[in-house]
Amino acid sequence: KSAQTVYDNLDRTRFTPTRVLIDENEWTAYDDEGKYSINKNDFSFIKNDIKVQFEYAFIVIHGTPGEDGKLVGYFDLLGITYNSSGVLSSALTFNKNWCNRFLSTYGIIVPKSIVFYKNEDNSLLYSEISYPCFVKPNNGGSSIGTHKVNDRSDLEIALNDAFHHDTEVIVEEFIQGREFSVGIICDEGKEEVMPLTEIVVESEFFDFKQKYSEEGAIEITPAELSSKKVLECQEIVKRVFKLLRLNKVARIDFILKNKEFYLIEVNTIPGMSSKSILPQQANSLGITFSELISKLA
């Protein structure tokens with residue numbers, strides 16, 4: 001949905017876009033006339049006996065290989081420019097454990113966490129866990145494989161499921177509070193932090209169903225929060241954006257507990273469908289979806 005919405009709203013006076021679907025088996029370019037196999041040696045394809053060479057990549061892949069730095073590393077080798085953060089920043093932010101540990105050294109408040117590794121003896125880690133807690137794949141997104149856990153028996157079930165999605169599973173302390181998400185965009189070197197969105201969920205947490213179903217969470221933009229707290233959160237977002245050397249765009253999620261913002265996660269390729277949080281925030285500032293895409297391209 002994100003990719004299609006971006007494609008539909010790209011400024012045709014600036015770009016001649018082609019959609020490219022990347023999966024484990026094949027990379028395919030496609031348009032209204034047909035599908036074309038991508039030559040991975042130079043990221044090109046043949047149409048009507050003419051070689052089509054890409055000059056720019058607007059990456060809208062949530063998760064690997066788009067959000068973890070693998071794809072941008074490939075584009076770096078080919079000399080193709082792109083709209084997202086670089087290899088190191090992407091890889092670091094995609095790994096929740098290392099990203100939060102890195103940010104904590106600069107005074108950013110993050111939840112306490114430990115990491116379980118697949119096929120290793122993790123028995124000593126169990127004594128460090130307090131309940132309730134969150135269990136989620138360390139390198140993942142969209143809350144897939146994520147569980148809120150209340151006791152040891154639930155923990156084993158959650159770990160087994162999370163290990164289906166990743167070889168590393170992060171167990172994170174549960175932070176009880178209000179949940180917020182805030183985007184930031186950088187256009188021509190000028191950073192603009194979006195208004196905060198408060199996420200009010202009906203279930204135990206902001207899971208896949210709450211994020212993407214019609215009956216999902218209530219998202220309030222701008223959030224009903226004092227101007228002082230809004231500014232405080234936005235300043236954290238700007239600082240994190242610089243600390244991580246991010247580029248173009250990010251969306252950062254927080255929990256507000258006892259007047260303190262706990263950073264939960266950094267997303268370098270946020271959702272870009274018409275109902276996604278970042279476009280909602282831009283719209284509240286009077287920025288249309290097409291204008292937002294132009295700023296990020």
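## Salt bridges, sheets and packing in a predicted model

Asp-42 is buried, with a relative accessible area of 18%. Buried here means under 20% relative accessible area, exposed over 50%, and partly exposed in between (1.4 Å probe, protein chains only). This is a predicted model: local features need pLDDT of at least 70, side-chain atom pairs count only at pLDDT 80 or more, and totals for chains, interfaces and linings use all residues. Residues are numbered from 1 along each chain as its sequence is written, and side-chain values use heavy atoms, with hydrogens and water left out.

### Salt bridges

The structure holds 12 salt bridges. A salt bridge is a side-chain nitrogen of Lys or Arg within 4 Å of a carboxyl oxygen of Asp or Glu. Side chains of opposite charge can pair when their charged atoms come close. Asp-42 has Lys-51 as a salt-bridge partner. The table includes that pair.

| Acidic residue | Basic residue | Distance, N to O |
|---|---|---|
| Asp-32 | Arg-19 | 3.9 Å |
| Asp-42 | Lys-51 | 2.6 Å |
| Asp-68 | Lys-70 | 3.8 Å |

How exposed are the partners? Lys-51 is partly exposed at 47% relative accessibility, while Asp-42 is buried at 18%. In the pair of Lys-70 and Asp-68, Lys-70 is exposed at 56%. Asp-68 is buried at 11%.

The bridge of Asp-32 with Arg-19 joins an exposed residue, at 77% relative accessible area, to a buried one, at 14%. Asp-32 sits in the loop between β2 (27-31) and β3 (34-37), and Arg-19 sits in strand β1 (residues 19-22), so the pair ties together parts that are 13 residues apart in sequence. Strands (E, at least two residues) and helices (H or I, at least four) are DSSP runs, numbered from the N terminus.

Salt bridges also form a network: Asp-31, Glu-33 and Lys-47 are linked in this way.

### The three-stranded sheet

The strands β1, β2 and β3 form an open sheet. Their order is β1-β2-β3, and the pairing is antiparallel. β1 and β3 are the edge strands, each with a single partner, so one side of each is left without a neighbour in the sheet. From one strand to the next, the twist averages 30°. Two strands pair if DSSP finds at least two bridges between them. β2 and β3 pair over 4 bridges, in the antiparallel sense. Opposite Lys-35 in β3 stands Tyr-30.

### The four-stranded sheet

Another open sheet has 4 strands, in the order β8-β11-β9-β10. Its pairing is antiparallel. The edges are β8 (113-117) and β10 (147-149), each paired on one side only. Here the twist averages 25° from one strand to the next. β8 and strand β11 (residues 168-173) run antiparallel and are joined by 5 bridges. Ile-114 has Val-171 in β11 as its bridge partner.

Which helices pack on this sheet? Helix α4 (residues 96-104) touches β8, β9 (133-137) and β11. The direction of α4 makes about 150° with that of β8. Helix α5 (residues 152-162) also packs on the sheet, touching β8, β9, β10 and β11. The direction of α5 makes about 20° with that of β9. Axes are lines fitted to C-alpha atoms, for helices over the stretch in contact, and angles run from 0 to 180 degrees between N-to-C directions.

### Helices α8 and α9

Helix α8 (residues 277-284) packs against helix α9 (residues 289-296) at an angle of about 110°. Their axes are 9 Å apart. The two helices are therefore roughly perpendicular to each other (65 to 115 degrees; under 35 is roughly parallel, over 145 roughly antiparallel, the rest oblique). From α8, Leu-278, Pro-279 and Ala-282 make the contact. From α9, Phe-289, Leu-292 and Leu-296 take part. Contact means heavy atoms within 4.5 Å. The contact residues divide into 6 nonpolar, no polar and no charged. Ala, Val, Leu, Ile, Met, Phe, Trp, Tyr, Cys and Pro count as nonpolar, Asp, Glu, Lys and Arg as charged, and the others, Gly among them, as polar.

### Around Val-266

Val-266 lies in strand β17 (residues 260-267). At 5% relative accessibility, Val-266 is buried. Leaving aside neighbours within four places in sequence, Val-266 is in contact with Thr-93, Cys-99, Leu-103, Val-240, Leu-244, Leu-246, Arg-251 and Ile-252. Gly-189 is 77 residues from Val-266 in sequence, and the two are 20 Å apart in space, C-alpha to C-alpha.
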